[in-house]
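Biologist: I am new to this structure and would like to go through it step by step. Please show it first, and then I will ask about single places in it.

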Amino acid sequence: MLLQVGGKRSALGLLAIRRVWSMSRSAHTTPQTLEYKPIKKVMVANRGEIAIRVFRACTELGIRTVAVYSEQDTGQMHRQKADEAYLIGKGLPPVAAYLHIPDIIKVAKENGVDAIHPGYGFLSERADFAQACMDAGVRFIGPTPDVVRKMGDKVEARAIAFSAGKLSFGNGALFVEKFIEKPRHIEVQILGDKYGNVIHLYERDCSIQRRHQKVVEIAPAAHLDPHLRDRLTADSVNLARQVGYENAGTVEFLVDKHGKHYFIEVNSRLQVEHTVTEEITDVDLVHAQLRVCEGRSLPELGLKQDKIRINGYAIQCRVTTEDPARGFQPDTGRLEVFRSGEGMGIRLDSASAFQGAVISPHYDSLLVKVIASGKDLPAASAKMSRALAEFRVRGVKTNIPFLQNVLSNNQFLNGTVDTQFIDENPDLFNLKPVQNRAQKLLHYLGHVMVNGPTTPIPVKAKPSPIDPVIPPVPLGEPPVGFRDVLLREGPDGFAKAVRAHQGLLLMDTTFRDAHQSLLATRVRTHDLKRIAPFVAHSFSNLFSVENWGGATFDVAMRFLCECPWRRLQEMRALMPNVPFQMLLRGANAVGYTNYPDNAVFKFCEVAKENGMDIFRVFDSLNYLPNMLLGMEAAGAAGGVVEAAISYTGDVSDPTRQKYSLDYYLKLADELVKAGTHILCIKDMAGLLKPDSGHLLVSALRDRFPDVPIHVHTHDTAGAGVAAMLACAEAGADIVDVAVDSMAGMTSQPSMGAIVACTKGTKLNTGISLEKVFDYSEYWEVTRGLYAPFDCTATMKSGNADVYENEIPGGQYTNLHFQAHSMGLGNKFKEVKKAYAEANKLLGDLIKVTPSSKIVGDLAQFMVQNSLTRAEVEERADELSFPLSVVEFLQGHIGIPHGGFPEPFRSKVLKSLPRVEGRPGASLPPLDFQALEKQLRDAHGDEITPEDVMSAAMYPKVFQEFKEFTRTFGPVDCLDTRLFLDGPKIAEEFEVELERGKTLHIKALALGDLNKAGQREVFFELNGQLRSVLVKDTMAMKEMHFHPKALKDVRGQIGAPMPGKVVEVKVKQGQQVEKGQPLCVLSAMKMETVVNSPLSGTVAKIYVTADSTLEGDDLILEITE
């Protein structure tokens, strides 16, 4: 540690020693006539916790108290704790108010104050203030002005120390720099009276420092050699006696590793850390200060050196509103929640630490001092750790996670710390994130109450007020199901068992495709989890449950604000016996674009690890290279590969030969040759009529007698049950169904209908109809919760015109919603006709995501612009087509059967580049390590492999999802009505965060709009009042607010912390270099220079000197 201790060389140093020596001798030889003068009223010329500490001591001694406060401190607790309180420094800056001696003295004189306590900081070590008090006839609770002056002059103080025989830095005339390797910072508490009596109250170890600021203090110093302790305390007492020191003070030393001690300075005031000394000596230092000032001697107070004993250990932690993760930047704002740690052995000294308090940038960031006492250092540390763990501070960042790391550090617990402790232990900054789940959820609920749902609502309908009832579930493990076969015999054995099974097997789509088709994919994990155990116990003989992949993956993050991987994990835990099935879009995985091959492989690997069993692999164009990649990825992950042929057209119609029976058989040949375990017909539009279904399945069964056949359809035309029964009669092993209340229309055929129609036949499903009815009743009521998304809001039935327009089930619903939302509800018939025309324009495509979206985009383009098919073909070279159409024609999703339509393609693309072959083949591999590092840098170390995959699939959606959860917490634990609509005033409800942790919440009131465009929303949480401030987005559109810097815009420079602009160092149009200072901010007496993160030109400046900013407020923009 390099200590700068001065550099003056002249006769002044020696003269100072002589003058001090002679003055100190005369101070002890002159007889003093003193008398006891009781203090009746004390003013504390300070603020915050030290003011309250002194007021409490005064009250205990029967002394009346006076507080002073600045204009910025009108809401601070110290003015309420005093008997009287007066404003000082009107019109002055915040700190200057407490330094304005004339105002302080004036208040004291006008209000009968007979003594002033300076606290610490501000004027506490100003000799002119002590003198001003004396001149006004007001006692100064501290040393005499002369002693304050001597101790405040570091040169003179060290000269005194040298003359007293202490080892210091030089000889008093020449102070040099001394390097002391890894010293301990030890300070001794002294106390003197007006009669020359001086005692010590032992030492404190203040070695744990950051930038010379004490963080944690311990008394006594652990493992301190008793002889060294004696020397330190003796030197401190001698020095105090030499200068005639009275009242409380601290003598500070550095101790090297050889046990040598070096004098630093004397602090002629009470220290922040005086509390630990009080705890181990049982001496109230403030009481002693007051009594000494009144004229009492130490012996009268019972304070004799031989009676002062050390009892145990005490630790003080300074809890501050600083963010350790950002270099201990001060944080400001409103304390939304404050709950302290208490109990045996814990003392709290605080000021304005209470719910609703506003932490301003004007003063230091100390929130509360926590003092823990115990019989030894480990015992005191354990109490401190426990107390800090009990703290709940919300609304501002604190250093509590850092302090907890200090307290768990072995070096600290062993008592072997030095001033390099923090620098040499970077792991102290591996901070455990604060969950803050309850308060975040209140923010979310308040946001919905003020601003409405966070997810887009297609129709104006409210969730049903009726809660679904979960059917009874037996205790114990669910029965053995097909998954046990899969786990025991692997994918090949599983496929053989399916093929050998007697009767018809069912896949339940209720958990995915059914609600994608009927409820815009909006069903939440919360409602799936509630019914999952019933399904596991009642339908163990299902072939599988389709519950993942497809649109559910991005919708979970984008609209439901929940993690799709967590859904999979929780479903797996609740349904261990039924195989899970997902929809994999071939080379597109679960996205709408092409990914590098290694990303698709990695996705399947992670999905399998999280509980996925069967991968239904398809391609929207039946483009074989894309399908083969997906099949290979699923197989390599150890999953069951179910290659799906997307069906369109009509194999029973001899006039439609593009997608003939021969086409499907040849494609099936390739898929079986590639090793698929199961062959699937994916009829996404519900085009399979009973005859065509029977024809296709019979042909496939004849061609592949040993391969299980699985058929998927939609019931849009109403013939789904008949078609599936025909397929089953023809040899299909599995058909897709949805539970009755979630079946029909654009969803799958009814489970109950299939079960009833096959009962007692060779196709018997073995499923109980009674269980189906119970299952359906749950979903009938649950569906009401999703009324704002229910397709029946605008669509009252299915329609056989699907055989003409061939719109897939889920898209049929979405187009219906879109048409109504765009005011085209009365033109939906035209939209459907345009869809058929757009399909022909594009060459008659297989239509499933994403190809179906391309056709839909072109159809809406045609309707909005009143274009016929002929007009589009004629004007193709001049129209501005939707991007999805252009990219399709470029070859971005593969090559359609029969090739691209010409000359339409050439007219649209003109000179635009074309993709040849499989689109993903030319993409470089994704660097997962680099992506993970990028995510950890942005979101912390709790990034999982599943998060990395989410970011790989949907980078922007994942980023927004993480930002949402950082703000609003785990909203997936809210019930659906609360999630969508928020609570009503006076509504009481419970939220289970995890097993054994339930929040009891009541919505109380919604406040009026304030000047900041916010409304205060009041709740009762677990019996305690809580409130959150919510920005009213509609109101804010009409109000002007300082813009925020966008994090993803490189040239937007935001304020790194709240504060005031001290200086703007650049001008608009100026060239700046990377690292060049742009402006200076000040907050909590700390100045921060904002440097440029890039080189460029200052495009616009949004602030001026004296501007008050919040965190992330836009300072300026730089263009590269």
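Modeller: This is a predicted model. We can begin with threonine 849, which is found in the loop between α30 and α31 (851-864).

Biologist: Is threonine 849 buried or partly exposed?

Modeller: The relative accessibility of threonine 849 is 21%. Buried would require a value under 20%. Threonine 849 therefore counts as partly exposed.

Biologist: Which residues is threonine 849 in contact with, leaving aside its neighbours within four places in sequence?

Modeller: A contact here is a pair of heavy atoms within 4.5 Å. With the neighbours within four places in sequence set aside, the partners of threonine 849 are Arg585, Tyr592, Phe618 and Ser620.

Biologist: Which residues does the UniProt annotation "binding site" cover?

Modeller: The annotation comes from an unreviewed UniProt entry. One of the residues is Thr849, in the loop between α30 and α31, and Thr849 touches the other one. The annotation covers Arg585 and Thr849.

Biologist: Why do they gather at one spot?

Modeller: In sequence, Arg585 and Thr849 span 265 residues. Their C-alpha atoms are nevertheless not more than 8.1 Å apart, so they gather at one spot, within 8.1 Å.

Biologist: Where does arginine 585 lie, and is it buried or exposed?

Modeller: Arginine 585 sits in the loop between β24 (580-584) and α21 (597-609). Not counting residues up to four places away in sequence, it touches Gly550, Ala551, Val590, Gly591, Tyr592, Phe618, Thr849 and Tyr954. Its relative accessibility is 3%, so arginine 585 counts as buried.

Biologist: Helix α30 comes before that loop. Is leucine 841, in α30, buried or exposed?

Modeller: Leucine 841 is found in helix α30, which covers residues 828-841. Leaving aside neighbours within four places in sequence, its contacts are Leu858, Met862, Arg869, Val872, Glu873, Pro901 and Phe904. With a relative accessibility of 2%, leucine 841 counts as buried.

Biologist: Which residues does the annotation "domain: Pyruvate carboxyltransferase" cover?

Modeller: This annotation also comes from an unreviewed UniProt entry. Over its range the chain is 43% helix and 14% strand, and the end C-alpha atoms are 19 Å apart. The annotation covers residues 504-773.

Biologist: Why is helix α25 described as largely enclosed by the rest of the structure?

Modeller: The buried residues of α25 are Gly720, Val721, Ala723, Met724, Ala726, Cys727 and Ala728. They pack against α24 (690-703), β28 (709-712), β29 (734-737) and α26 (751-758). Helix α25 is largely enclosed because the buried residues are 7 of its 10.

Biologist: How are α26 and α27 placed relative to each other?

Modeller: Helix α27 covers residues 769-785, and its axis is 10 Å from that of α26, at an angle of about 170°. Met751, Gly752, Val755 and Ala756 in α26 meet Leu769, Val772 and Tyr775 in α27. By class, this contact has 6 nonpolar, 1 polar and no charged residues. An angle over 145 degrees counts as roughly antiparallel, and α26 and α27 are therefore roughly antiparallel.

Biologist: And how are α18 and α27 placed relative to each other?

Modeller: The axes of helix α18 (residues 525-538) and α27 cross at roughly 175° and come within 11 Å. Among the residues that make the contact are Phe534 of α18 and Trp779 of α27. The contact has 8 nonpolar, 2 polar and 4 charged residues. From the angle, α18 and α27 are therefore roughly antiparallel.

Biologist: In what order do the strands of the open sheet of 5 strands come?

Modeller: The pairing in this sheet is parallel. Strands β4 (84-87) and β6 (139-140) each pair on one side only, as edge strands. Between β2 (residues 41-44) and β5 (residues 115-117) there are 3 bridges, and methionine 43 stands opposite isoleucine 116 in β5. The order is β4-β3-β2-β5-β6.

Biologist: To finish with the whole chain, what percentage of its residues count as buried?

Modeller: The chain has 39 helices and 41 strands, and its C-alpha atoms fill a box of roughly 125 × 70 × 55 Å along the principal axes. There are 1120 residues, and the part that counts as buried is 58%.

How values were computed
Residues are numbered from 1 along each chain as its sequence is written. This is a predicted model: local features need pLDDT of at least 70, side-chain atom pairs count only at pLDDT 80 or more; totals for chains, interfaces and linings use all residues. Side-chain values use heavy atoms; hydrogens and water are left out. UniProt positions are given in the numbering used here, feature names are shortened, and annotations may be inferred rather than shown by experiment. Helices (H or I, at least four residues) and strands (E, at least two) are DSSP runs, numbered from the N terminus. Buried means under 20% relative accessible area, exposed over 50%, partly exposed in between (1.4 Å probe, protein chains only). Two strands pair if DSSP finds at least two bridges between them. Axes are lines fitted to C-alpha atoms, for helices over the stretch in contact, and angles run from 0 to 180 degrees between N-to-C directions. Angles under 35 degrees count as roughly parallel, over 145 as roughly antiparallel, 65 to 115 as roughly perpendicular and the rest as oblique. Ala, Val, Leu, Ile, Met, Phe, Trp, Tyr, Cys and Pro count as nonpolar, Asp, Glu, Lys and Arg as charged, and the others, Gly among them, as polar.
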